[in-house]
Amino acid sequence: MTHAENLPAWASLLTAFLVLLGSGLTLLGAIGTLRFRRFFERVHAPTLGTSWGTGAIALASIVCFSALGSRPVVHELLIGVFMIVTTPVTLMLLARAALYRDRTEGNREAPPRSLLRRTHGG
Amino acid sequence: MTAAILLWSVTAAQAMLVAAMGCYAYRVIRGPRAQDRVLCLDAMYVTAMLLVLTIGIRSGSAIYFEAALIIAVLGFVSSIALAKFLMRGEVIE
Amino acid sequence: MNRLLPYPLLTAALLLMWLLLTSFSTGQFLVGTAVAIGASRAMAALHPSKPRLRRWQLLPKLLGIVTLDILRSNIAVASIIIRGDRRDRVAGFVAIPLDLRDKTALAVLACIVTSTPGTAWVEYAPESGVLLLHVLDLADEAEWIAVIKNRYEALLMDIFE
């Protein structure tokens, strides 16, 4: 890690903080998938890693490489944009698949279709 | 001094990411249901991508960014395929 | 303009992505422009419904609100996980009647809801416009409906409809 000596102090401290924040959130999300008991609760846990977990580590990479070079390096933003756009697609498809499987098996915890009817005045 | 702090925090972050992948791997193996496995496999891809990004910070080489992008794209496509499979493939219609 | 560049925003985004992935130089700018124009004309051959941005100057406001909300709910969900699975926390489904009909706006709402930890998009019925969400910490159902409707839906309707 010889390049770290070339980093100014503020940049290395900021990078260290952001990397720890991102990986800590990702680890908490992973622990969440172990702790929650039902599938629809587990869906929420990995989004910790895909939102600010990814965001913080990508920011850390931007800070580190921008301080190393003379010009700002922002291509890590592409990873952030990519995660924001793709996570909903995966999770919506998975939620629909889970709902479909629960309903065909007659699981009583699955929400009934009647919830989707518009109630009066709503 | 600050270089040592950065080195140690990146090492700690990598350890945490590996632990996170371990948690997800447990869910992929133990289930209980197929949708839990697919959800955690997708999350494992994201965590692996983050691990590659931290390796990039540690080595100071920009080449790891491309590897991370490829992991993200492949993980997305495979998770979509598996989720579609769950909807049509396994349940007897 | 319309014949050569059917999707100016898409072309600009593709060119920016090309430059970010390679380098900011004149040569890459020319190649990237050619690729972006070709790709956006290929997109036009698919005839997607064209999204309209009525008031794009509100987009930074939306971005700011969403970034802060995601940060806040990150902290909320992290504290739920740290405290452990307690009995008094209720997770459940909420049905939200939406007035939003624009497809692009619904896609943006899906991105917001799914990227926010603690809320997950489950099902949407296009004929009635009712959206089914799963909420991790469902203390007050009416409050969640109010948050989605006042905070995001109103702003999205201002931008897209």
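Ala, Val, Leu, Ile, Met, Phe, Trp, Tyr, Cys and Pro count here as nonpolar, Asp, Glu, Lys and Arg as charged, and the others, Gly among them, as polar. By this division, the lining of the second largest pocket holds 13 nonpolar, four polar and six charged residues. The model is a predicted one.

The volume of this second largest pocket is about 520 Å³. Its lining comprises 23 residues, of which Ser73(C), Ala76(C), Thr119(C), Trp144(C) and Val147(C) are the closest to the centre. Two or more lining residues come from each of α3 (59-83), α4 (103-115) and α5 (141-160) of chain C.

The interface of chain B and chain A brings 56 residues of chain B into contact with 55 residues of chain A. About 4800 Å² is buried between the two chains, and carbon and sulfur atoms give 78% of that area. Leu39(B), Ile57(B) and Met87(B) supply 14% of the area that chain B buries against chain A, more than any other three residues.

One salt bridge is found across this interface; the side chains of Arg42(A) and Asp36(B) form a salt bridge at 2.5 Å, N to O. Four residue pairs are in polar contact across the interface, both residues of each pair at pLDDT 80 or more. On the side of chain B that touches chain A, α1 (2-30), α2 (34-59) and α3 (63-90) of chain B each give two or more residues, and α2(B) gives the most, with 18 residues.

The two sets of residues divide by class as follows.

| Residue set | Nonpolar | Polar | Charged |
|---|---|---|---|
| Side of chain B that touches chain A | 37 residues | 10 residues | nine residues |
| Lining of the second largest pocket | 13 residues | four residues | six residues |

Key. Residues numbered from 1 in each chain as written. Chains lettered and ligands numbered in written order. Predicted model: local features only at pLDDT ≥ 70, side-chain atom pairs only at ≥ 80, totals over all residues. Heavy atoms only, no water. Contact = heavy atoms within 4.5 Å. Buried area = accessible area lost by both parts, 1.4 Å probe. Salt bridge = Lys/Arg side-chain N within 4 Å of Asp/Glu carboxyl O. Polar contact = N/O pair within 3.5 Å; in protein donor to acceptor, adjacent residues only side chain to side chain. Helix = DSSP H or I, 4+ residues; strand = E, 2+ residues; numbered from the N terminus. 1 Å grid on protein atoms, 1.4 Å probe; cavity = no way out; pocket = protein on both sides within 12 Å on 5 of 7 lines; lining within 4 Å. Points joined across faces, edges and corners; volume = space filled by probe spheres on them.
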